[in-house]
Amino acid sequence: MNIQQHKVLIANRGEIAVRILRACRKLGLDFVCVYTAEDVCSGHVALARELGGESGLYRISSYHDANELLSVADDAGATAVHPGYGFFAEDFRFARRVEERGRKLVFIGPSWRVIRELGDKINTKRLARSLGVPTVPGSDRPIYDEMEAEKVARSLFDYQSQQGIARPVVLVKASAGGGGMGIEEVHDLDLFRQVYRRIRNYAMRQFKDDGVLIEQRIMDFNHLEVQILSDRRGRHPVHFGTRNCSIQSTGRQKRLEVAPGFDPSSVEYRFDAAALLDEIVQHSLKMARKVGYDSVGTWEWVVTRDGQPFLMEVNTRIQVENGVSAAISRVKGQPVDLIAEQIRTALGEPLGYSQSDITFRGVGVEYRLIAEDPDSGFAPWVGDIDRFDWTDAEWLSLHTHVPPVTADAPYTIPTEFDPNLALAIVWGKDLEEAGARGLDFLGHLRLEGHDGRGEPLRSNVEFLKNKTGQMLRF
Amino acid sequence: MRDIAEVMAELKAAPYTEKAVVAPHTGVVQFSDVEEGSEVFGPTGEWQEIPGTHIATITRERNPRNIVTAERGILRKVCRELDGTFVEAGTMLALVRHYLTRQEVISRLLMESLYTFCAPERARYYFAPDVDKKVKILGCRTVSVQEGMELFIVSRMKREAPLCYAGPSGIIYEVCFDQNRNVDAGAPLIVVCPPEQEESVEDVISRVEREWSDGE
Amino acid sequence: MSEFAKRLHQLSERLSYLRDIFPGKHEEELALLQTRLDEAQAAAENASGEESGAGLEALEDLFFFIECKLEDKLTPMDKVRIVRHPQRICLRDILENVYDNYTEIGGQDEHTIDPAMLIARAYITRKRGGQVYHQPVLVIGHEKGHGEEFRNGGSAKPWGNAKAKHYMGVAETEGIPIHAYVFTPGGYPLEEYPGAAQQIARNIYEMAGLTVPIIAVFSEGGSGGAEAVSLADRRLMLSHGYYSVISPEGAAAIEGRLRNGERASAELVERCAENLHLTAEDNLKFGYIDKIIQEPVLGARPYHYEFFRTLRQEVLRATDEVVLRARGFAPLRAAALHRLHDRELNLDEFYVRWDLSRAARQRLVEMRQNKFIKASHSVCKNNRSVAGRLGDAWSEQWWEIYNRLIYDFYHRNRRTIRNLFEELGSEWDMFKMRLLRTWKRQEAQELAAEEELTSLSEWSEDERGWAWVSEKAREDRAVTCPYAARRGCMDMWAFDLYNEFAGVCSSCGHHFPMEYQWVMNNCFDKDSLYEFNTEVESGNPLRFPGFDEKLAAARKKTGLKSACITFEARLEGIQVVVAILAGSFRGGSVGVAEGAKFVAAADRARRKRCPFIVYCHGTAGIRIQEGTHGVIQMPRCTVAVRRYIEAGGLYLVLYDTKSYGGPVASFLGCAFYQFAIRSSSIGFAGPGVIKNTTGIDVPPNHHNCYHALSRGHIQGVWDRRDVRANLCQAIETMGGRNLYYR
């Protein structure tokens, strides 16, 4: 089947829906868009109506309901589903259902087996170790025996002191847990047994599985990502460089991303940054090849101040910050859109180029503009936006689902979702220029609004301005 | 606060509410053989275990689901033109005219004549734990509120914040929200009856008992 | 009132009794009696005393003649009506007339925890030579009364049965026999503490090992309620009584597929009564009662004084026989009892001591247990070949010897030695540790191995998913959780729900019903199942019309021969015996075949000293089409279970989907370890039956397992996905002393 004959269901909302829509248009594909009652005013609905008319637009009860999406896909005659990020993007059951149901659809993302394989952190860690990819020191399987747990903990403390870490810390976590539940730090071997038993009993009660993981707690690190892309054959994955996502708000939420991951030409590091970037890229590609990775994906790494990398996890989806990698990349000298590449390859087209065709230049910065209050723990802000203007420039691309607003026709932020407003991607030939252009953009940005009580809009613009100077530094 | 007689006259002129029966989700609709103008029922039985009148069946992913009426009333309209078609979530399938019962009229009037504390923003609301316990066990009318009391917990976007009550002191006469649903900004949360108004409340009730005959 | 008027009144009473017993039948005869009675009444007003007196005598003769004629034509349903009639003798009449004196000890009239259950200390006076003996007995029974509302028709509530159990314990302590009178239409279906089913189960379990003689007399034996006091050494039955699995009306409602309190036609009820084979003669033939006590024409009423004498003789005879057999030494008296009939031997002038030695008590219990284990053996349809049976018998013997040798002799001694070595080993470790402490610490620091912390550990690839997957998982459709409206669950895809989620709603945890194969194939070690007794087949012992076809259909649908599957399996390497009651075969109802397989499985587990796990996938109760053949499985299987438990085993019951009725009220409910899979329902009677018998509407989740947990019926509620882990834990931590792996 020619890829132009496909019709893509966009199973998402907001900014990513807008970008998928545009990518589909660019590739000449038909699409179906969904929205819920809260999202009637969202930009993605307006754009879908403009580009595809009423017939490609369905109101559904919830983005979280797979049945809703699939029944719409059937009624609209869609042949593929793009999950975007969030919602069903990393749900291997959804991917499996899409691919194995009576009326089969194409899941635009990795095959469900890959999602399952890499969705499990323990499994990812084991896979990495089997290939010699560095991972966080500690156990790579649930430990059920107290003696063994103590042995691992003792070795971890000893290992850290050998590494010259003054205050070694060990993490004890329930292997069946997640999202910060059943996880504790231990600073002292004497306290370990107590903590271990507490976590084990908690895990037994909560998850009916008393397996416990014991790891070194990595302190003082940078958060790096490697962008990978592969076609359905999965044999020749390519990378689109690295990103540095260390600037985060409380609760480990990314706010500002920079590509490439390090810039040794303008910042001085204690280690050979170029070699390190190359190392993590090669490790990531090795793993992608091993599992037959067949879509876009991101390998997440932490790098310590001493330049030691550890693989954390793999995100088997297109990420929010994909645009910043695209901004510094050229394929055969042409600009690239990773979302379009993802759709194109997922529908069966071969990649058509190899790593040597991809070149990198300059520095990209992505700002996430969010209605939130940095002064009170980044609490989401809800209300009406009545002014949102910025100055266009050829070095800037801005993605937003907020429709054009005026004081008379404001946009109300729906309370059901995160109050993300826009992604701004700024490019500069080096770090200095990128930073200057970023500040320039933020300085000219006009973002105003008020909530139900008349209080003015709170956003993270100031926070982003302050952080611009810290990019790519430890 | 409006004059009770005026509200009463208004209610008497149109002693019913009209509510649409909407599709809860997408799917193909198949109407049952109910007729326009016939009487429909809400859930009945001691434990509300008998569902309301079956209006239509909506099938999604080969999973049929019955759509039933939530309140007693008269079926004003059935959108038969949708029979056998695929509908979006929220599409109107039928219209039910529900005649107000005496109890509903009373609560309407009280809402007009007493102080209602409204939701400042669209969010989910819960009572503070100690109040919640009291409301659940003893009923809301045992809870007295005064200005500045920490009465609610507002849950919005995965964050929770306390909300203080503002308004005259008195007892909570009625609770108007569902703890599991989002409440729109400006929608009433509770009806508060100050002690000096208790008499007039009794008055309203006896007046309704006298003047209102259960419709239909 | 004159003598004459009194006799006339009596006759009109008798006529109205006849009308009650034969509603709409034998109208000719009844009309004849009515006209004659009217004539006699009219004549009495005009004529003189003597004249009419003679006429009255003739009329009385006519009455007797017709009554005798009708007695011959009694149908089973007529007998049911006799038993239910308010004029029928009740337990208080018996206490007044059969015993020489009595004291009610379980409360008086309505001032008791349950007026339907009467407990009394009574005594019987006997003479031998010049000596007078007062022999105490404990009388337990249902009191129907003569129509008093508060007696509840003899339907005992759970606490009434609890009271009975309590006083059985008293009798055991005091060493006096128990006379149990069964006058109940059935247990009252209440789920309040301790729950009707649970209490009846406890009673049956208690009686299965009670060390005093128990004599039961049946007048109205309604299923579970009757079993609660009737697991006796000797079971007598009044000739006009009935003993049945269900009331004829109940059977008719099921047969006619009636719902919401529709009434079955009289004809259908009559036919069902016939098909249930519930009369005394039938039950004597089956062997579930030992003797019939002949009643006067058309049933005993309180003024039949002669009948009470017969009854007294019979209960005395039964008690004496039981005591003598247990004691095993009184050849002359035993022979006399055996040979002579009532008329020839006045038991009031005969004396047998009723207390028993310790050995005799044990013998008594053993005989009682054997009696029930053997019950219904002959009607069981077993297609196993003769050679196969011989082999079974041989292997049973072999296991007996093997276990004696291995566990009683070898293991006991080995344990002592091993304990000694363990102690020594610990001492040595301590010694070593003290000696080497300083040196060891250094070594550890040197070995802080980077290798170990950063390279791949040993890991055996575990298999994902379940070994057995339901057919329902192959459908491409969405499934809605029944609690979706209240708990906001999203529809699930059948493929995920019935495969990976094991039928558990991923958001609220509601358990959808799954096939019995799920637990059978997913919870035990791979390829460790060995099914036995596969040749036993459900039959139709009563030749219940239409039932053969239904059985054939069930066999075809499920591929099973009965609702009970018994097999051996391993759990983490530990051998267990498992019995499954499969809800898909005739609703998991229990009849002769199921009982036989269950008893055999319990026996096997006892011999092999394995844990005995019962997975009750679902049961609707006792199979009504098998009548008392089914009911008798309640005491029978309970006896088998008690034997197993007392031999030191682990008996664990796991309920799933819906479990109601007799099995729960006996061999399942008596387990010390009962667990339920979430969202299952457990109870005595289903909602429909409760509505029909008590008129009370029950809330939709009345039988939910959490209610059973709250009132203490079960010990825990398990998630289906954790069944295996929980079973493994259970067999390691629960149970008696005599399990082979301990």
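User: How many bridges join strand β4 of chain B to β5(B)?
Analyst: Good place to begin! In this predicted model, strand β4 covers residues 54-60 of chain B, and β4 and β5(B) run antiparallel. One matched pair puts B:His54 opposite its bridge partner B:Val68 in β5(B). The number of bridges joining the two strands is six.

User: Which strands stand at the edges of the sheet that holds β5 and β4 of chain B?
Analyst: Let's lay out the sheet: it is open, has four strands with antiparallel pairing, and follows the order β5-β4-β2-β7 in chain B. A strand at the edge has a single partner strand, so one side of it is left without a neighbour in the sheet. The edge strands of chain B are β5 (63-68) and β7 (86-87).

User: In what order do the strands of the open sheet with β10 and β12 of chain B come?
Analyst: Strand β10 (residues 123-127) and strand β12 (residues 150-156) of chain B run antiparallel and are joined by four bridges. At the edges of the sheet stand β13 (159-164) and β15 (182-183), each with a single partner strand, so each has one side without a neighbour in the sheet. The order is β13-β12-β10-β15.

User: Which residue in β12(B) stands opposite B:Arg124?
Analyst: Strands of a sheet pair through backbone hydrogen bonds, either parallel or antiparallel. Here, β10 and β12 of chain B run antiparallel. The residue opposite B:Arg124 is B:Ser155.

User: What share of the residues in chain B is buried?
Analyst: Some background on the chain helps: it has four helices and 16 strands. Its C-alpha trace spans about 55 × 45 × 30 Å along the principal axes. Of the 216 residues in chain B, the buried share is 27%.

User: How many residues of chain B are in contact with chain A?
Analyst: On the chain A side, 18 residues take part. The chain B side has seven nonpolar, four polar and seven charged residues. The number of chain B residues in contact with chain A is 18.

User: Where is the cis peptide bond that involves A:Pro260?
Analyst: Most residues other than glycine have a negative phi, and most peptide bonds are trans. A:Pro260 sits in the loop between β11 (253-259) and α9 (273-291) of chain A. The omega of this cis bond is about 0 degrees, and the residues it joins are A:Ala259 and A:Pro260.

User: What is omega for the peptide bond from C:Tyr193 to C:Pro194?
Analyst: First, find the spot: C:Pro194 is in the loop between β4 (178-184) and α7 (196-207) of chain C. The bond from C:Tyr193 to C:Pro194 is cis, with omega near -5 degrees.

User: Is C:Asp527 buried or exposed?
Analyst: This residue has a positive phi of about 55 degrees although it is not a glycine. C:Asp527 lies in the loop between α19 (516-522) and β11 (530-531) of chain C. A residue with 12 or fewer C-beta neighbours within 10 Å is exposed. C:Asp527 has 9 of them inside 10 Å, so it counts as exposed.

User: What is phi of C:Asp109?
Analyst: C:Asp109 lies in the loop between β1 (101-104) and β2 (117-128) of chain C. With 14 C-beta neighbours inside 10 Å, C:Asp109 counts as partly exposed. Its phi is positive in a residue other than glycine, with a value near 45 degrees.

Definitions and conventions
Residues are numbered from 1 along each chain as its sequence is written. Chains are lettered from A and ligands numbered from 1 in the order in which they are written. This is a predicted model: local features need pLDDT of at least 70, side-chain atom pairs count only at pLDDT 80 or more; totals for chains, interfaces and linings use all residues. Two residues are in contact if their C-beta atoms, placed from the backbone, lie within 7 Å. Ala, Val, Leu, Ile, Met, Phe, Trp, Tyr, Cys and Pro count as nonpolar, Asp, Glu, Lys and Arg as charged, and the others, Gly among them, as polar. A residue is buried if 20 or more other C-beta atoms lie within 10 Å of its own, exposed if 12 or fewer, and partly exposed in between; C-beta atoms are placed from the backbone. Two strands pair if DSSP finds at least two bridges between them.
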